[in-house]
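Here is a short note for a colleague who has not met this structure before. Please read the points in order.

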Amino acid sequence: MNLWLPESSRCGDIPRISGGKIPFMKLLLACIGAALLLAWASPAQAGGKILRVAIDVGHCAETKGALSARNRPEFAFNRAMASAIGRELKRDRRLQVFVVEAAAGLPLKKRIENINGLKPDLLISVHHDSVQPGYLKEWTCRKAPAQYCDLYRGYSVFISGKNGRPEASRALAMSLGAALRKGGFLPSVHHAEMIRGEGRRPIDINLGVYLYDGLVVLKDSRSAAVLLECGIVKNRSEELILRNPAYRKKFARAVRAGVANAIRDRAL
Ligand SMILES: [Zn+2]
């Protein structure tokens, strides 16, 4: 059971996750500490190689991706999470971060061509997950019919073995999976199920890492590339938690740790 997922089958508002008010003195000390840390992190740190990171916001304003259990388009989730991950990664002075949104209607081939044009060292394509149609149930949310599935929840990381840097992609995916597990997030196993539309080959099911050669944005990438399904928006509880900024920040911090560990291990 994921620590961060309170059960909810209600259609209502997003739950708060924060741990209550922070005393003023604690906040002041934290600000002073952060300022000192920034001053200490001298430009010498930037003397090493700067890695270029492209964060692809999955889908676009036109296609939108899957619909959540409350009929919210996946693109809105992707945009919010990509922005949170971008903010976190920008805190690492070794990284130059680009959050990339494709124009409406841009074909996938052109999307990855544009990303390759940015010459990234690594690509993280941000998505949110659905399930196969056979698992969907009907309910009504805000007087509108909607579909949900509360059976599965959790993140998944996909890579292709056919892109420009398959080994680096695999190492990055493993590092991200490990950091997410360490951060308290659980992977979903539903992609490994041997049914129509799934049957993805797990590279490490405990870390939520799968091989999916056919994904264009991964296959045609010249850099190390992963596609991150951050959670399942058809799950009524997980949808709500994914809409919480504190949860996204926590998730983004784990992604940042995963990237940092991959750099430490010289995987990129
Ligand atoms: Zn998607």
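1. Terms first. Two strands pair if DSSP finds at least two bridges between them. Helices (H or I, at least four residues) and strands (E, at least two) are DSSP runs, numbered from the N terminus.

2. The model is predicted: local features need pLDDT of at least 70, side-chain atom pairs count only at pLDDT 80 or more, and totals for chains, interfaces and linings use all residues. Residues are numbered from 1 along each chain as its sequence is written.

3. The sheet is open. Its 7 strands follow the order 2-1-3-9-6-8-7, with mixed pairing. Strand 2 (95–101) and strand 7 (201–204) are the edges; each pairs on one side only.

4. Look inside the sheet. Strand 6 (residues 156–159) and strand 8 (residues 209–211) run parallel, joined by 3 bridges. Valine 157 stands opposite valine 209 of strand 8.

5. Helix 2 (residues 74–90) packs on the sheet and touches strand 1 (51–57), strand 2, strand 3 (122–129) and strand 9 (224–232). Contact means C-beta atoms, placed from the backbone, within 7 Å.

6. Helix 4 (residues 166–182) also packs on the sheet, touching strand 3, strand 6, strand 7, strand 8 and strand 9.

7. How long should helix 2 be? At 1.5 Å a residue, its 17 residues should span 24 Å. The expected span is 1.5 Å times one less than the number of residues. The end C-alpha atoms of helix 2 are 24 Å apart, which agrees.

8. The buried residues of helix 2 include Phe75, Phe77, Met81, Ile85 and Leu89. Buried means 20 or more other C-beta atoms within 10 Å of the residue's own, with C-beta atoms placed from the backbone.

How values were computed: Two residues are in contact if their C-beta atoms, placed from the backbone, lie within 7 Å. Axes are lines fitted to C-alpha atoms, for helices over the stretch in contact, and angles run from 0 to 180 degrees between N-to-C directions. A residue is buried if 20 or more other C-beta atoms lie within 10 Å of its own, exposed if 12 or fewer, and partly exposed in between; C-beta atoms are placed from the backbone.
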